[in-house]
Amino acid sequence: MLQFLIFVFSLSALLLGAKLLTNSARHIAKVAGVSEFVIGATVVAFGTSMPELASSIFAMLSGHPGLVVGNVIGSNVANIGLALGLASLLFPIYVSRRITDTDIPLLLASAIATLVVFIDLQVTWVEGIALILMYLAFINHELGQHRNSERTAREKLDLKQVAGFFLGMALLYLGAKYLVSSALAISQDMNISESLIAFFLVALGTSLPEIATSVMAARSGRYEIAMGNVLGSNSFNSLIILGTSSLFATVTVESDFLFSTLPAMILLSFLLGFMSLNNTITRLEGILLFLIYCLLAINII
């Protein structure tokens with residue numbers, strides 16, 4: 001029971017730290033006069049995946065790569081099956097041309113890249129660098145399409161935001177550290193593999209911002225945010241988090257866990273891509289995405 005309480009408190013600290021860090025970084029970028037698009041493509045996209053990144057780095061430093069794999073695949077499956085599944089189940093989501101032309105291809109490419117690097121059940125630092133370069137090439141391409149974006153009006157530096165930046169960093173550090181240690185303790189107490197604990201507890205916890213954002217954005221009719229938030233997070237998880245984690249040590253995974261979860265991630269990614277062709281994720285399609293997640297969860301328990 002104590003470990004579950006530590007997990008909940010550390011998760012709360014992790015999510016709060018990521019929020020403070022993202023808000024302060026956005027403010028600092030506006031002080032520098034950076035355009036809204038650049039802020040969205042870099043600061044916000046990075047910030048929403050900060051919980052997954054921080055916990056994955058701590059897992060690698062602790063010598064537990066199974067947590068990383070479970071976190072990445074679990075987050076990606078939850079983002080599509082739960083976040084978009086629930087959002088479109090409640091409010092059908094319109095898919096813009098920009099999403100189908102840029103975000104969907106990156107999602108599918110990152111899913112295929114994940115499959116390729118895990119063929120031998122491990123991700124080496126060389127493969128990790130390739131994943132990171134793939135993501136950076138996409139970001140560079142996107143920024144290149146908006147090089148003429150107008151710069152925003154500069155804001156005055158708010159010292160509270162600067163303090164928020166450092167507080168966010170501290171909360172992120174402590175939250176990630178104790179999230180990993182409590183997850184490992186729960187894994188040992190329940191005699192469940194690290195990957196499964198990460199797939200359910202860690203991944204669901206760190207995906208809460210994406211789930212909440214997608215549902216609220218769909219409810220208010222901000223469909224591009226609902227879709228872009230999930231697609232950007234999944235691509236970031238597959239390319240940056242796996243890639244960065246492999247720089248600390250080779251990321252390895254049990255074959256049983258990988259073969260029962262990675263196909264579902266690939267299936268959901270391509271199914272979402274197919275659904276996006278008619279520019280709308282309907283309620284029926286949302287139910288399908290949600291049911292696939294539930295069936296996967298039941299199958300691997």
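Reader: Between which two elements does the loop with Leu121 lie?
Author: This is a predicted model, so local features are given only at pLDDT of at least 70 and side-chain atom pairs only at 80 or more, while totals for chains, interfaces and linings use all residues. Numbering runs from 1 along each chain as its sequence is written, and side-chain values use heavy atoms, without hydrogens or water. Helices (DSSP H or I, at least four residues) and strands (E, at least two) are numbered from the N terminus. The loop that holds Leu121 runs between α5 (97-117) and β2 (122-123).

Reader: What is the phi of Leu121?
Author: Leu121 is not a glycine, yet its phi is positive. The value is near 65°.

Reader: Is Leu121 buried, partly exposed or exposed?
Author: The classes rest on relative accessible area: buried is under 20%, exposed is over 50%, and partly exposed lies in between (1.4 Å probe, protein chains only). Leu121 has 26%, so its class is partly exposed.

Reader: Which loop residue between α7 and α8 has a positive phi of about 55°?
Author: The residue lies in the loop between α7 and α8 (194-206). It is not a glycine. Its relative accessible area is 72%, so it counts as exposed. The residue is Asn191.

Reader: Which residues form the salt bridge?
Author: A salt bridge needs a side-chain nitrogen of Lys or Arg within 4 Å of a carboxyl oxygen of Asp or Glu. The structure holds one. Its N to O distance is 2.9 Å. The partners are Arg97 and Asp101.

Reader: How many residues apart are Arg97 and Asp101?
Author: Both sit in helix α5. Arg97 is exposed because its relative accessibility is 60%. Asp101, at 45%, is therefore partly exposed. Their spacing is about one turn of the helix, or four residues.

Reader: How far apart in space are Arg98 and Glu224?
Author: Arg98 belongs to helix α5. It is partly exposed because its relative accessibility is 32%. In sequence, Arg98 and Glu224 stand 126 residues apart. From C-alpha to C-alpha, the distance is 8.8 Å.

Reader: What is the C-alpha distance between Ile28 and Gly168?
Author: Ile28 is part of helix α1 (residues 2-31). Its relative accessibility of 35% is why it counts as partly exposed. Ile28 and Gly168 are separated by 140 residues in sequence. Their C-alpha atoms are separated by 14 Å.

Reader: What is the angle between the planes of Tyr135 and Phe236?
Author: Rings of Phe, Tyr and Trp (its six-membered ring) pair with centres within 6.5 Å; planes under 30 degrees apart are stacked, over 60 edge-to-face, and the rest tilted. The structure holds five aromatic pairs. In one of them, the centres of Tyr135 and Phe236 lie 5.6 Å apart in an edge-to-face arrangement. The angle between their planes is 90°.

Reader: Which helices does the pair of Tyr135 and Phe236 link?
Author: Both residues are buried. They stand 101 residues apart, so the pair links distant parts of the chain. Tyr135 and Phe236 lie, in that order, in helices α6 and α10.

Reader: Which residues make up the aromatic cluster with Phe199?
Author: Phe199 forms an edge-to-face pair with Phe200, at 5.1 Å centre to centre and 80° between the planes. Phe199 counts as buried because its relative accessibility is 1%. The cluster consists of Phe199, Phe200 and Phe257.

Reader: Which helix gives the most to the nonpolar surface patch?
Author: Patch residues have over 30% relative accessible area and no salt bridge; like charges are joined within 9 Å, nonpolar side chains (Val, Leu, Ile, Met, Phe, Trp, Tyr) within 5 Å. This patch holds Leu61, Trp125, Val126, Ile129, Leu133, Leu136, Leu247 and Phe248. Five of the residues come from one helix, spanning 125-144. That helix is α6.

Reader: What accessible area does the nonpolar patch have together?
Author: Areas follow the Shrake-Rupley method with a 1.4 Å probe; for residues, only the protein chains shown count as cover. One member, Phe248, lies in the loop between α10 (223-246) and β3 (251-252). Phe248 is partly exposed because its relative accessibility is 43%. Together the patch residues have about 800 Å².
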